[in-house]
Every structure is written in C-alpha cells, then in structure tokens.
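Colleague: I should like to understand the terms applied to this structure. Could you take me through the reasoning behind them?

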Amino acid sequence: MAKTRRIFECQKCGGQAPKWLGRCPECGAWGSLAEAVRSEPGAGGGRRDGLSSSEGVVPLAEVHTGEEMRTSTGIAELDRVLGGGAVAGGAVLVGGDPGIGKSTLLLQALQAMARAGHRVLYVTGEESARQIRMRADRLGGPADGLLVLSETDLDRVVEAMGRVGPAAAVVDSVQTLFCPELGSAPGTVSQVREVAGRLVVRAKHRDMPLFLVGHVTKEGALAGPRLLEHMVDTVLYFEGDRGHPFRILRAVKNRFGSTDEVGVFEMGDAGLAGVANPSAVFLAERPRGAAGSVVVPCAEGTRTLLVEVQALVSPTCFASPQRTTSGVERNRVQILSALLDRRLGLTLGTHDIFVNVAGGLRVTEPAADLGVVAALVSALRGRPVPEGSVFFGEVGLAGEVRAVSRTGARLGEARELGFTRAFVPAAATAAGREIGIETVGIARLDEIPDHLEPGS
Ligand code: TYD
Ligand code: MG
C-alpha cells in the first residue's frame, strides 16, 4: 500500500498547502482550499502508469514514427475539426456549457463508429445506461458493438477498458469520475488530474482514441478544463446559444492538426446534423432592405461564414444609455459608438443601442468592426445599406478603416452567395477584380453615410 499524506489543495489554481488556510498562498483566492490525499512519491505509490518505456535515451533520428493512425468518427464535421479523424492514442477533451450537446455529439460519433464495425465504449458518470439508451433511440437506434458503462469509480472504468479493449472510448464527464484512494470529492483539482491522467495514459498504451467530456461551469464550482488542457492532445470547445439550433465546434489546441478548423452543426429532433453551407443558413431569414441589417463575411478558422449583424438604435429614457449586445463584444460596440459620435457627429450618446448577430453566432474578430459601424449608422439614420452588399474591415481609433487578413476568401464567399458589392478597407479594393465582385474602398468612417440608400 502506498504511503499517503494529507494535504490541502486550492480548487482554483491547484496550489498546495500542508494545512488548511483561509486564503490560497499561491493565487490569493479565499476559501478555495479543500482536503486531498496525496501518495508519497518514491514510496512505492505515486504514479502507477507512465508514458516512458524501457528504451531510455535514444537518438531522435532513430525513433520510428510510422503513419499516424486515424479512424473516421463517422461525423464529417468532427473529423474535420480533429484534423482528419480520431488519432490512435489521442486524447480529446470536449468542453462546453451544460446542455449544449456534448453528450449527443459523442454518442452520435460512437454510434457511427459502431456501425462501421468497431467495438466502442461509452462511459457515463452522469446518466444511467437507460438514459443513454433513450438518447441512442432518438439518434437512430443503438448499433451493435456500442457498449455502455454507467460508473463513477475510476478503477472500475479502467478495468472495464482493459477487459473490453474498445476501438474508441468516451468518458462523460471527467468531473464525475473519482479515484477512491484520493479521498477528495469528485470534480476537485486532484481528482480531475488523477482521473484524466490515468485515462490518457491508458489510451496511449492501447492506441485507443479517447474523448473526455469536460464541463465549463460557474467559476470555481468544478475544476474546469483549464487544468485538463495541458494533459490532452486536443481541446475542442462546443459553443452556441441554447435558444438557437446552431452549434460551432472549435479546436483550441490540436497536436494532430490545425486549430483553425471549425465544424458547424444544427441540433434537431434526431441529434446534431452537420451544416454544409452555413452562410446560406445564417442568412436565410434576413430581412431585405431593412435599416440596421448588414452582412459581414467573418473568418472562422479556415472557413468564411457570412453573418448578419443587426443594430437597433432608439432614444434613451435613462440617464446612462443602454448598450446591449449578443454575439459581439459590448466593449467593442461602446468604442465604435463613441467613435461615431466623435467623428461623424452622431448622437448615439443619447440613444440606447442593441447589436445582435443573427443565428446565435459569436463574432470576435476586428474585421467585423466596419459591419457593426455600418449597421449602427444605418439604424440611426433609418437608411438601409445597398442591397446585395457586404462590409468588412477593422476600425481604428482615429476613424480609419484598416486592412484585415483573408480578403480573398471573404470576397469569394460573398460572391458565392450572390452578393455583388463589398465595402472593404481602401487597401483591399484591388482583390475584387480577380474574384469578380465589385469592391468599394472605405478609408475613413465618415464615408459610410454617402453609401447608404435613401430612407423610406
Ligand atoms: P446533451 O448532449 O445532453 O448536452 P450536454 O451533454 O452538453 O450537457 O444535449 C442537450 C440538449 O440537446 C437537450 O436540451 C436536448 C437537446 N437534444 C435535441 O434537441 N435533439 C436530440 O436529438 C438530442 C439527443 C438532444
Ligand atoms: Mg451531457
């Protein structure tokens, strides 16, 4: 039996202290220390598994790499984000808000792999096997070869993996599993570290792709995937707005592929379906000729998505006007509206502003600035932007419009979807000619009103 020691561990930063303290000596958080048990290293305890083998030190040039073995997950959008399928021995962490569809996505992936003839294992610490069955029924019925284990004890999960020898496994979620020897509650930093550490090593030894679900909860409630991100090969985030059916799967770390990829899904009655042409879907309900509505080509990874930015501006009845946004950063809108007041002499300071990205998407890149600004001016003046046009460009604090990356891809996607004119940073006007779309260069913000249609 390994020698163990009682320690206290910060649930925020993972720092350790020999006794309980009200405040973590490392990160300064209050009330974050929780008791844990640690195995003494060198006393026969410590890590039982390791990645090292008996080879010891070898010349790097003599290490055989072989071909990276990949298996298709059967879900094209997931394969794309992973860099072409699941890698043998690769550990993938899938994070996201509760209810966003993590369990659905991974169950669908395992089901597809089982249908392709693989034996796969779904471990759940959150739901009963019956609940998983009910979800599987919704997703087209359980496939032969899909095994389920409802268990929270790490030892039994590891034992089952050894016994079953699955071609791929899902553990949902890493925060619900626990290692009884540690003595601390499931979801605490030491438990999450131990659970993920042992599962990841297991996966590497068995050359098995492993998917771990990680919760992102309110600050401090559970050890978040931050700590886990270092332990796995790939980190995917599943995002979206629960009020909308669209979900975006994004790679934020990938040892086996690009982090530039995104997958777009739509949640429906029979689970998640990949969206082949996201721009068309996001623009489907766009009102024509409405003031305050502007289409912006956004670069999402290697893809370009056209999104609709909507603005509503109305005189305020409060002492300090409201700035409410969804899908774009509120601070950014605040800066842009201050700039418009200053450079164009608008009166946004006495108006409430609402800015929304249709479809529940989130746009973070500065290239959307020009679109947001055009939507605000258009909404305030009640004059729509020209029919069939898109806007992109970064706006600087002097009111200048700056060039952004991937001009060609943005113009190309706009043309594909039938747009005929793009308002772009002045430096980018030449690109339109080759692509076959009219470009109008905008050097400064004050030029925007000249391009609006007359109001109705
Ligand atoms: P779930 O995968 O349980 O989310 P997570 O594991 O991230 O917490 O999915 C949750 C939501 O998805 C739930 O509100 C129901 C909805 N849903 C559908 O709309 N269609 C479906 O086919 C399934 C299985 C779920
Ligand atoms: Mg779930």
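Modeller: The discussion below turns to aromatic pairs and then to domains; please note that this is a predicted model.

Colleague: How many aromatic pairs does the structure hold?

Modeller: There are three aromatic pairs.

Colleague: What makes phenylalanine 238 and phenylalanine 265 a pair, and why is the pair called edge-to-face?

Modeller: Ring centres must lie within 6.5 Å to pair, and planes over 60 degrees apart count as edge-to-face. The centres of phenylalanine 238 and phenylalanine 265 are 5.9 Å apart and their planes stand at 85°, so both conditions are met and the pair is edge-to-face.

Colleague: Which parts does this pair of phenylalanine 238 and phenylalanine 265 tie together?

Modeller: Phenylalanine 238 belongs to strand 11 (residues 234–240) and phenylalanine 265 to strand 13 (residues 262–268), so the pair links parts that are 27 residues apart in sequence.

Colleague: Why does phenylalanine 238 count as buried?

Modeller: Buried means under 20% relative accessible area. Phenylalanine 238 has 2% relative accessibility, and therefore counts as buried. Phenylalanine 265, with a relative accessible area of 1%, is buried as well.

Colleague: Why is the pair of phenylalanine 391 and phenylalanine 423 called stacked?

Modeller: Planes under 30 degrees apart count as stacked. Here the planes lie at 15° and the ring centres are 4.5 Å apart, so phenylalanine 391 and phenylalanine 423 form a stacked pair. Phenylalanine 391 is in strand 19 (residues 389–391) and phenylalanine 423 in strand 22 (residues 421–425), so this pair ties together parts 32 residues apart in sequence. Both phenylalanine 391 and phenylalanine 423 are buried.

Colleague: Which domains does the domain assignment give?

Modeller: The assignment gives domain 1 (3–40), domain 2 (70–276) and domain 3 (280–451). The C-alpha centres of domain 2 and domain 3 lie 37 Å apart. Their contact takes 14 residues from domain 2 and 11 residues from domain 3.

Colleague: How much area do domain 2 and domain 3 bury between them?

Modeller: They bury about 1,100 Å², with 56% of it on carbon and sulfur atoms. Phe246, Asp260 and Val262 supply 36% of the area that domain 2 buries against domain 3, more than any other three residues.

Colleague: How do you know that arginine 362 forms a salt bridge with glutamate 239?

Modeller: The closest N and O atoms of arginine 362 and glutamate 239 are 3.5 Å apart, and the rule asks for a distance within 4 Å. The contact therefore qualifies as a salt bridge. Across the interface of domain 2 and domain 3, the rule finds three salt bridges.

How values were computed
Residues are numbered from 1 along each chain as its sequence is written. Chains are lettered from A and ligands numbered from 1 in the order in which they are written. This is a predicted model: local features need pLDDT of at least 70, side-chain atom pairs count only at pLDDT 80 or more; totals for chains, interfaces and linings use all residues. Side-chain values use heavy atoms; hydrogens and water are left out. Rings of Phe, Tyr and Trp (its six-membered ring) pair if their centres lie within 6.5 Å; planes under 30 degrees apart count as stacked, over 60 as edge-to-face and the rest as tilted. Helices (H or I, at least four residues) and strands (E, at least two) are DSSP runs, numbered from the N terminus. Buried means under 20% relative accessible area, exposed over 50%, partly exposed in between (1.4 Å probe, protein chains only). Domain bounds come from an automatic or database domain assignment. Contact means heavy atoms within 4.5 Å. Buried area is the accessible area (1.4 Å probe) that two parts lose on being put together, summed over both. A salt bridge is a side-chain nitrogen of Lys or Arg within 4 Å of a carboxyl oxygen of Asp or Glu.
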